[in-house]
Each structure stands twice: as C-alpha cells, then as structure tokens.
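Trainee: Could you take me closely through one part of this model, the open space at its surface and inside it, and then set that part against the strands and rings of the rest?

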Amino acid sequence: MSYTALSDLTNQENLTHHVCFDEQHTYVSYQQFQHDVQRVCGYLSHQSEVKWALCFDDSYQFAVSFLALAHAGKHIILPGNHQPAALTELSEHFDALLHDDIIQVMPCEHHRHYQTISDNVMSVLSPLELGNIRLTLFTSGSTDTPKPIEKTLQLLSNEIEQLEQLWGDKLDATEIYSTVSHQHIYGLLFRVLWPLCAGRAFSRTNFIYPEQILSHQPEHEKTLICSPALLKRLADHEGYNHYQMVFSSGGPLAIEGADQSEAKLSLRPFEV
C-alpha cells in the first residue's frame with residue numbers, strides 16, 4: 001500500500017483507492033472523500049467561529065469534517081462524550097458544533113448538521129501546515145471533570161508514521177474494523193487517520209457486540225481495533241473468526257482477553 005503524509009492527504013490527484021465502507025460494504029472512493037472535504041471546508045472557511053467541536057457516530061463524516069476543519073484553519077475540539085449534560089459541561093471549550101444524528105439536544109447556539117452543508121462553495125485544498133493546527137481532546141472524566149489535552153496535528157502525523165513503520169507490512173491491504181470511538185486518541189489514530197494515510201478502507205460504523213466480531217465474514221482480510229473489555233467478553237459467545245491483526249488499547253489487557261483473542265480470532269492482540 002502507498003502511504004500519503006497527513007499534510008498531503010486531501011490534495012492528491014491520482015489516488016483511486018476506497019476510503020471507507022458501510023455495513024452493506026458499499027464503498028466511498030478517494031475522489032468522493034476529497035470532494036466532501038472541499039465542500040465542508042468551503043462552508044467552514046466562511047464561518048467566524050474558531051473552535052469547532054465534532055460529535056459524530058459516522059466515522060466517514062467525522063473524517064471529512066476533521067480534515068475540513070484542519071484546512072479551514074480551525075481549532076478542532078473532540079469531546080469524548082456525546083451526552084447533552086457532558087457537552088454542556090465542556091461547552092466553554094468550543095464556539096460551535098458540527099455533528100450528525102448522534103446529537104439531539106444542542107449544547108450551544110451555533111451548530112450545523114453535516115448533511116445540511118451544500119456544495120455551493122468548494123475550497124481548493126493546499127498542503128496542511130500541521131504544526132499550526134490545534135486539536136483538543138479530553139480525559140475520560142470517569143473520576144473527575146474531563147480535562148483538556150492539547151496537541152497539534154504534527155504530533156499525530158509523527159505517531160501515524162511510526163505506526164506504519166512498525167506494522168504497515170503486516171496490515172498490508174486489510175480492511176479496518178473497530179469497536180472504539182474515533183472521538184478518543186486511540187480510535188482517532190487507529191481507525192481513521194492511520195487508515196486514511198495508508199490507503200486502507202475503514203468501516204464507517206462500530207462493532208458494538210462480541211457477536212459482530214465473531215460473525216462478520218467479508219471477502220477481504222481484516223484488522224480489528226478493539227478494547228480489552230470486549231476481547232474478554234468473547235468468552236461468553238460461540239464462534240470463530242480470522243483477523244490479520246488485532247490491536248487492544250484503552251486499558252490494561254487481561255490475560256483472559258489475550259487468550260480469547262487467540263482462541264476466537266486466530267491470534268493474540270498487539271497491546272498499545
């Protein structure tokens with residue numbers, strides 16, 4: 001697979017691979033992805049708000065919006081929780097909200113649904129100056145108020161390049177499935193940005209249940225981005241599936257989870 005740097009991801013002219021697919025395995029092309037980033041960036045570039053929170057269930061729409069914000073020179077905010085109370089608690093950190101149907105109650109006055117953005121204005125995309133693009137994520141907030149974590153896209157780009165150097169040959173052209181949210185750093189890197197840069201198609205929806213992990217049998221080789229808790233729960237379900245690679249992060253991986261991965265998914269996971 002060819003690798004494209006994050007800074008040049010959306011301004012290529014000769015890429016023909018698939019970016020993502022849905023539950024029916026309907027694919028979205030790179031050309032459509034590029035068009036959608038130009039469309040959303042065209043809208044965002046004409047908005048005065050600087051700090052935009054992203055709240056998406058659909059990983060494709062999230063990826064388009066993430067890159068569009070970057071090209072529009074906005075500050076990207078990723079709340080880890082979509083619940084209205086949690087978003088209200090974090091609302092001081094963002095000026096506006098871009099979202100899909102996962103958001104029903106708006107925590108701020110300025111918001112926009114992804115599907116309502118037209119292609120009346122299309123941006124011309126230049127290489128990104130990654131060091132100037134700011135990203136704010138948040139701690140889980142499981143024991144306290146979520147705390148902001150500041151990064152630049154250059155830091156993410158450095159990490160993605162290391163991931164590809166470590167495991168790119170093993171993943172090759174596998175398709176990427178995930179049980180974890182793109183709203184957190186693990187999912188952001190492993191299920192969205194790394195696949196985008198490496199030209200690997202990713203699923204735009206999550207696996208939620210162990211049965212999905214065990215029963216899904218597409219024609220292509222596949223890689224699983226998973227959590228320790230869900231790997232451990234495989235023990236309670238019948239079935240077997242084969243994955244090219246399995247990654248685990250988001251908490252310590254118990255030996256039971258590693259054993260279940262080997263027994264049910266054909267290999268032990270890489271713990272990140």
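**The pockets and their surroundings**

Mentor: The lining of the largest pocket is made up of nine nonpolar, eleven polar and two charged residues. Since the model is predicted, what follows describes computed geometry. The space in this largest pocket comes to about 470 Å³, and its lining consists of 22 residues, with Gly80, Phe138, Thr139, Ser140 and His184 lying nearest the centre. Two or more lining residues come from each of the elements α3 (84-90), β7 (134-138), β8 (148-152) and α5 (185-198).

Two of those contributors to the lining, β7 and β8, also belong to an open sheet of six strands, which runs in the order β6-β5-β3-β4-β7-β8 and has mixed pairing. The edges of this sheet are formed by β6 (111-113) and β8, each of which pairs on one side only, and from one strand to the next the twist averages 25°. Between β7 and β8 the pairing is antiparallel and extends over five bridges; in one of the pairings, Leu135 has Lys151 in β8 as its bridge partner.

The second largest pocket has a volume of about 210 Å³, and among the 15 residues that line this pocket, Asp57, Ser181, Arg191, Asn206 and Ile208 are the closest to its centre. Its lining divides into four nonpolar, eight polar and three charged residues.

As for enclosed space, the count is one cavity of 30 Å³ or more, and the largest cavity holds about 40 Å³. The residues that line this cavity are Ser2, Thr4, Leu9, Leu15, His17, Leu196, Cys197 and Gly199, and by class they comprise four nonpolar, four polar and no charged residues.

Turning to the rings, a search of the whole structure finds 16 aromatic pairs, and one aromatic cluster is formed by Trp167, Tyr186, Phe190, Trp194, Phe247 and Phe270. In addition to ring pairs, there are charged side chains placed over ring faces: Arg39 lies over the face of Tyr114, at 5.1 Å from the ring centre, while Lys222 lies over the face of Tyr243, at 4.8 Å from the ring centre.

To return to the part you asked about, the largest pocket, of about 470 Å³, has Gly80, Phe138, Thr139, Ser140 and His184 nearest its centre, and the second largest pocket, of about 210 Å³, has Asp57, Ser181, Arg191, Asn206 and Ile208 closest to its own.

Note on methods
Residues numbered from 1 in each chain as written. Predicted model: local features only at pLDDT ≥ 70, side-chain atom pairs only at ≥ 80, totals over all residues. Heavy atoms only, no water. Phe/Tyr/Trp six-rings, centres within 6.5 Å; stacked < 30°, edge-to-face > 60°. Lys NZ or Arg CZ within 6 Å of the ring centre and 35° of its normal. 1 Å grid on protein atoms, 1.4 Å probe; cavity = no way out; pocket = protein on both sides within 12 Å on 5 of 7 lines; lining within 4 Å. Points joined across faces, edges and corners; volume = space filled by probe spheres on them. Nonpolar A, V, L, I, M, F, W, Y, C, P; charged D, E, K, R; others polar. Helix = DSSP H or I, 4+ residues; strand = E, 2+ residues; numbered from the N terminus. Pairing = 2+ DSSP bridges. Axes fitted to C-alpha atoms, helices over the stretch in contact; angles between N-to-C directions.
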